[in-house]
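Let's take a walk through this model together, starting with a pair of helices and then widening the view. Keep the structure open beside you as you read.

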Amino acid sequence: MEHIVLVCGKWKVEKTRWLFEVDNERGSILVAANENTRFEDFVEIIFEDYEVDFADYDLELRYVLPKRNLQKQSIDTPPVKIGNDRQFHAFLGLYKDENVRICVEFKAKKIAGERAAEDQKQPKERDELLCEDEEDTDEEGDRFDYCDDSDGETSDDENFTTYGIPPDHVEEVQGSCTNMLYAQVLKTQERESPMSLLDLRSFKFAVGQSYDSKDALETRLKIYSVVQRFDFDVDKSTKKLFRVKCWLEGCTWNLRASPVGESSKFTIRVYVDEHTCSVTERPSRSRQATPDILGLLYKDYVGGVEPSVLPSHVSTAMNMSFRIKMDYWKARRTLQAARDLVMGTSESGYQELPTYLHKIGMSNPGTLTRLEVDTNNRFKYLFLAFGASITGFPFMRKVVVVDGTFLQGKYKGTLLIATSQDGNFQIFPIAFAVVDTENDESWTWFFRQLSRVIPDDEGLALISDRHKSIEKAIAVVYPLASRGICTYHLYKNILLRYRGRDLFGFVKKAANSFRLTDFQATFERIKEINPDLHAYLERADVRKWARAHFRGDRYNLLTSNIAESINRALSGARSLPIVHLLESIRLMMTRWFATRKHDAELMKTSLTRGVEKMLEGRIPIADLLKVQAIDSDQSQVKGVSSLHVVNLTEKTCSCRRFDLEKLPCAHAIAAAEARKISCISLCHRYYRKQYLYNAYFSAVMPKDDAVPVPEEVAKKICLPPAVRQPPGRPKKSRYKSILEKVADKKRPRKEHTCRTCYQTGHNSKTCPLK
């Protein structure tokens with residue numbers, strides 16, 4: 001048996017050295033342990049000897065390696081952590097040869113609302129070249145949905161999304177709007193928490209205590225029995241009497257309650273607190289520990305119901321807090337019950353929809369909402385476009401990207417999104433819809449609602465994947481608009497069907513070409529190498545995927561990535577009840593509009609930050625070009641191996657980049673400098689700071705609960721859709737294709753850590769602790 005010295009205090013870092021500041025009040029203790037001692041028992045002894053409540057504090061155990069071991073390590077090597085049985089026994093092996101003390105540090109646990117508030121961040125959303133949950137339909141029915149450009153052939157000229165980010169910007173974390181929503185709900189509920197964990201453990205029933213109803217008393221009894229680790233049987237339960245007793249025969253513990261007069265409150269009349277049964281038999285039955293009761297305990301006294309919390313976390317937390325052991329499925333049902341208590345059930349979400357949409361519409365003038373139910377009053381379709389988006393879209397380029405992503409809640413469904421990109425190359429959400437699935441009917445319905453916000457126009461461009469239902473719906477609702485397809489989905493379908501990186505490079509070059517001559521030369525080269533691929537690209541319609549042939553103004557938007565980025569930002573909210581899904585969207589919109597309006601006010605230049613940065617990269621190229629005036633409007637611009645004609649009056653260039661992007665190319669910048677003309681005047685008005693400010697001028701407001709709800713809205717019935725729940729564990733992610741698996745293998749591997757000391761740079765065989 002080893003007697004180990006433990007010292008309580010706090011670690012701190014000064015420059016590159018780790019120092020331990022001793023807590024003189026708690027001081028040090030001596031604990032005996034050997035190879036048969038479990039780490040959990042060791043921790044429990046520490047809590048008892050220091051008289052600290054493990055429900056209120058976390059414990060960290062660390063020790064400093066002996067000097068002979070530290071000589072081989074860097075000076076800034078942190079103390080070694082003890083966190084499980086393996087690490088504890090490794091310390092015991094070291095302790096036999098070296099006199100090493102354990103440093104104990106108690107850290108107060110954070111409550112759920114504080115923890116969720118710390119996890120959430122407040123940045124602006126940026127486009128991430130990741131396409132998630134996508135179902136791209138090819139002519140022959142092939143589907144592929146991977147948009148990470150792992151082969152590195154993306155043209156930087158297409159992607160200006162990082163240019164508009166402020167210098168102090170912190171990247172948007174996945175699901176941050178969901179964390180904000182949980183924090184908001186939990187913060188409200190913290191005030192309603194019935195009692196502290198310490199009070200719960202010391203709670204006792206007493207004669208004369210009253211409860212609002214028999215159900216309230218029974219719930220309190222169930223919680224009490226779970227915390228005190230015993231069970232009871234209901235001996236009699238009527239409207240006038242409620243009597244329970246310990247489940248073990250012969251035990252004297254019992255409670256009897258009844259109402260006073262005509263009151264609905266139940267008052268305890270008789271209560272015997274003493275158990276005469278064996279303490280070994282008492283906790284062997286636990287029928288009261290249902291997921292509903294455990295979920296209530298977890299919500300009120302443990303916390304943490306955000307999407308990042310897993311059933312395994314719940315199982316561990318409940319075991320540490322209440323000594324309750326549960327398997328995976330019971331932990332999962334407990335977590336779901338806790339989430340239902342915090343966010344409401346999926347069924348209640350549909351019931352609240354009519355009222356929620358009415359209040360959101362009243363708080364945001366000009367907002368367009370539409371809720372459709374079937375003949376049985378079951379939910380069918382939902383459409384939402386905030387008034388701020390509707391008034392801001394006229395200041396956007398007329399390019400709308402649409403996409404759909406599956407929902408992960410109890411009743412599934414699909415979230416459809418329409419979005420655009422502002423003059424600072426940031427995502428601008430326009431409209432959202434919830435439908436049953438992506439088919440002809442749902443997409444046609446969605447575009448009909450969208451046409452009330454954005455009417456059909458020859459100058460409008462619609463970008464999407466190659467889903468056939470989208471193509472049919474656009475042909476019906478938007479016959480005048482130009483339709484483009486996402487080039488990344490096209491590329492990946494080609495990689496799946498036609499092998500060869502050289503071919504892929506040619507296809508990408510053809511799609512990105514500005515001039516028809518460049519496109520035709522590359523397209524003919526593809527025909528020479530692989531006629532089948534050439535025929536496939538023709539069937540895909542070059543007017544939809546080739547920039548040079550697109551009949552409208554597509555600007556730099558060649559993919560559906562901006563819609564995919566919103567899918568990613570809302571990934572944590574897709575499993576929430578539908579009302580809270582909409583509230584997550586509203587929170588995201590509120591944050592984006594507020595921060596971007598403020599950011600536009602702070603911009604010093606006439607053009608947006610993103611455009612300024614993009615033009616900054618073209619100026620050095622323009623400085624190398626030679627300019628010769630042709631007439632009052634046109635100039636000849638000559639490079640090392642190129643010759644182009646720029647018309648500053650018409651705002652065109654023979655390279656066609658100026659024409660298609662509506663921003664001066666390097667040739668136009670050189671010609672403008674030669675004529676002493678400001679490049680700002682050559683940029684389209686959509687790229688100006690004032691347009692950006694106007695786009696986000698209107699705020700997205702939360703619903704006002706004080707707004708009266710009309711009787712016809714309050715009486716409107718909206719039931720959940722009829723869906724069949726498949727057996728087994730719910731699927732949270734789609735199956736990856738073979739190309740995605742291959743691409744994952746190409747990414748940098750995670751640095752492995754030693755399983756003995758959890759440090760990097762070596763493995764368990766070469767660990768210095770051995």
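**A helix pair, and what surrounds it**

Helix α15 (residues 487–497) packs with helix α18 (residues 531–539) at an angle of about 150°, and their axes are 12 Å apart. Because angles over 145 degrees count as roughly antiparallel, α15 is roughly antiparallel to α18. The crossing in which α15 passes α18 is right-handed. If you would like to see the side of α15 that makes the contact, look for Leu 490, Asn 493, Ile 494 and Arg 497; on α18, the partners are Leu 533, Tyr 536, Leu 537 and Arg 539. Do bear in mind that this is a predicted model.

Now step back to the whole chain. The protein has 770 residues, of which 50% count as buried. Its secondary structure comes to 27 helices and 22 strands. Take the contacts between residues at least 6 apart in sequence: 68% of them join residues at least 24 apart. On the outside, the protein exposes about 37200 Å², with carbon and sulfur atoms supplying 50% of that area.

Next, the interior. Which residues touch the most other members of the largest nonpolar core? They are Leu 353, Ile 430, Phe 446, Phe 447 and Tyr 478, in a core of 127 residues. The element that gives the most to this core is helix α21 (residues 578–602), with 10 residues. There is also a second, separate core, made of 30 residues, and among them are Cys 8, Val 31, Phe 91 and Cys 767. Phe 447 is a good place to zoom in: leaving aside residues up to four places away in sequence, Phe 447 touches Val 402, Ile 470, Ala 473, Ile 474, Val 477 and Tyr 478.

Two single residues round off the tour. Asn 364 sits in the loop that runs between α11 (346–363) and β12 (368–373). Is this loop residue buried or exposed? Asn 364 counts as buried, because its relative accessibility is 3% and the cut-off for buried is under 20%. Beyond residues up to four places away in sequence, Asn 364 touches Phe 386, Ala 699, Val 700 and Met 701.

Ile 45, by contrast, belongs to helix α1 (residues 39–50). Its relative accessibility is 31%, so Ile 45 counts as partly exposed. To place Ile 45 relative to Ala 32, 13 residues apart along the chain, note that their C-alpha atoms are separated by 9.7 Å.

Definitions and conventions:
Residues are numbered from 1 along each chain as its sequence is written. This is a predicted model: local features need pLDDT of at least 70, side-chain atom pairs count only at pLDDT 80 or more; totals for chains, interfaces and linings use all residues. Side-chain values use heavy atoms; hydrogens and water are left out. Helices (H or I, at least four residues) and strands (E, at least two) are DSSP runs, numbered from the N terminus. Buried means under 20% relative accessible area, exposed over 50%, partly exposed in between (1.4 Å probe, protein chains only). Contact means heavy atoms within 4.5 Å. A nonpolar core is a set of buried Ala, Val, Leu, Ile, Met, Phe, Trp, Tyr and Cys residues joined through side-chain atoms within 4.5 Å. Accessible areas come from the Shrake-Rupley method with a 1.4 Å probe; for residues, only the protein chains shown count as cover. Axes are lines fitted to C-alpha atoms, for helices over the stretch in contact, and angles run from 0 to 180 degrees between N-to-C directions. Angles under 35 degrees count as roughly parallel, over 145 as roughly antiparallel, 65 to 115 as roughly perpendicular and the rest as oblique. A crossing is left-handed if the near helix is turned anticlockwise from the far one by less than a right angle, and right-handed if clockwise.
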